[in-house]
Amino acid sequence: MATMAECRSALDTLSDNLAAAEGDVRSAAALDRSLSCHIKDLDITFTGRLADGRIRVADTVEGPPREKAEIRLAMTSDDLVALVDGDLNFAKAWASGRVRLEAGFRDLLKLKSLL
């Protein structure tokens with residue numbers, strides 16, 4: 001099981017990767033939406049925004065998200081680290097239920113290029 005610090009580092013790396021992206025990925029990351037990432041095995045939630053092509057983590061709270069973000073992710077700590085490291089394919093993890101992604105229909109269409 002990854003630590004909270006390793007999860008935060010993974011989110012920072014993901015933010016850096018999105019900021020450096022080009023084309024369709026850059027366009028998808030250009031959304032301005034509230035974001036939550038619930039780490040199920042640690043029972044913590046990182047909250048913040050996806051804005052200007054970056055993920056900005058504003059807070060870390062115990063338990064599931066207290067407010068419904070516009071983009072909601074849920075996964076284990078190891079899956080988050082594996083996704084960011086490129087060891088786990090997001091589309092396969094999402095299809096198998098290892099990773100949960102919830103958002104409005106239009107946002108899901110936009111985010112599909114990140115898969």
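Two residues are in contact when heavy atoms of one lie within 4.5 Å of heavy atoms of the other. With that in hand, a good place to start in this predicted model is Ser36, a residue of strand β1. Leaving aside residues up to four places away in sequence, Ser36 touches Thr45, Phe46, Thr47, Pro65, Ala69, Ile71, Arg72 and Leu73. The relative accessibility of Ser36 is 1%, and because buried means under 20%, Ser36 counts as buried.

Ser36 also helps to line an enclosed space. The count of cavities of 30 Å³ or more comes to one, and the largest cavity holds about 40 Å³ of space. Its lining is made up of Leu11, Leu35, Ser36, Cys37, Phe46, Thr47, Gly48, Arg49, Ile55, Arg56 and Val57. Strands β1, β2 and β3 each give at least two residues to this lining, and the largest share, four residues, is that of β2. Sorted by class, the residues around the largest cavity are six nonpolar, three polar and two charged.

Next comes an open space, the second largest pocket, with a volume of about 160 Å³. The elements that contribute two or more residues to its lining are β1 (33-39), β2 (44-51) and β3 (54-62). In total, 13 residues line this pocket, and those nearest its centre are Leu35, Thr47, Gly48, Arg66 and Glu67. The lining of the second largest pocket divides into five nonpolar, four polar and four charged residues.

Cys37, met above in the lining of the largest cavity, leads to the matter of disulfides. The structure holds zero of them. Cys7 is in no disulfide, and the nearest cysteine sulfur, that of Cys37, is 7.6 Å away. Cys37 likewise is in no disulfide, with the sulfur of Cys7 as the nearest cysteine sulfur. Why is no bond assigned here? A disulfide requires cysteine sulfur atoms within 2.5 Å, so a separation of 7.6 Å does not qualify. Both cysteines are shielded from the surroundings in the sense of accessible area: Cys7 is buried at 0% relative accessible area, and Cys37 is buried at 3%.

Farther along the chain, strand β4 (residues 71-75) pairs with β5 in the antiparallel sense, over four bridges. One of the residues involved is Arg72, whose bridge partner in β5 is Glu102. Which way do the side chains of β5 (residues 100-103) point? They alternate along the strand: Leu101 and Ala103 point to one face and are buried, whereas Arg100 and Glu102 point to the other face and are not buried. Glu102, the partner of Arg72, thus belongs to the face that is not buried.

Helix α3 (residues 77-85) offers another view of burial. Ser77, Asp79, Leu80, Ala82, Leu83 and Val84 are buried in this helix. The buried residues of α3 pack against α1 (4-20), β1, β4 and α4 (90-96). Just after α3 comes Gly86, which takes a positive phi of about 85°.

Backbone angles also draw attention to two aspartates. Most residues other than glycine have a negative phi. Asp43 is not a glycine, yet has a positive phi of about 50°. Asp43 sits in the loop between β1 and β2 and is partly exposed, with a relative accessible area of 39%. Asp52, also not a glycine, has a positive phi of about 55°. The loop between β2 and β3 is the place of Asp52. Is Asp52 buried or exposed? With a relative accessible area of 63%, Asp52 is exposed, because the cut-off for that class is over 50%.

A further aspartate, Asp32, lies in the loop between α2 (23-29) and β1. At 43% relative accessibility, Asp32 counts as partly exposed. Its contacts, not counting residues up to four places away in sequence, are Arg49, Leu50, Ala51 and Glu70. One of these, Arg49, also lines the largest cavity. Asp32 and Ala103 are 71 residues apart along the chain, and their C-alpha atoms are separated by 13 Å. Ala103 is one of the buried residues of β5 described earlier.

Notes. Residues numbered from 1 in each chain as written. Predicted model: local features only at pLDDT ≥ 70, side-chain atom pairs only at ≥ 80, totals over all residues. Heavy atoms only, no water. 1 Å grid on protein atoms, 1.4 Å probe; cavity = no way out; pocket = protein on both sides within 12 Å on 5 of 7 lines; lining within 4 Å. Points joined across faces, edges and corners; volume = space filled by probe spheres on them. Nonpolar A, V, L, I, M, F, W, Y, C, P; charged D, E, K, R; others polar. Buried < 20%, exposed > 50% of the residue type's maximum accessible area, 1.4 Å probe, protein only. Pairing = 2+ DSSP bridges.
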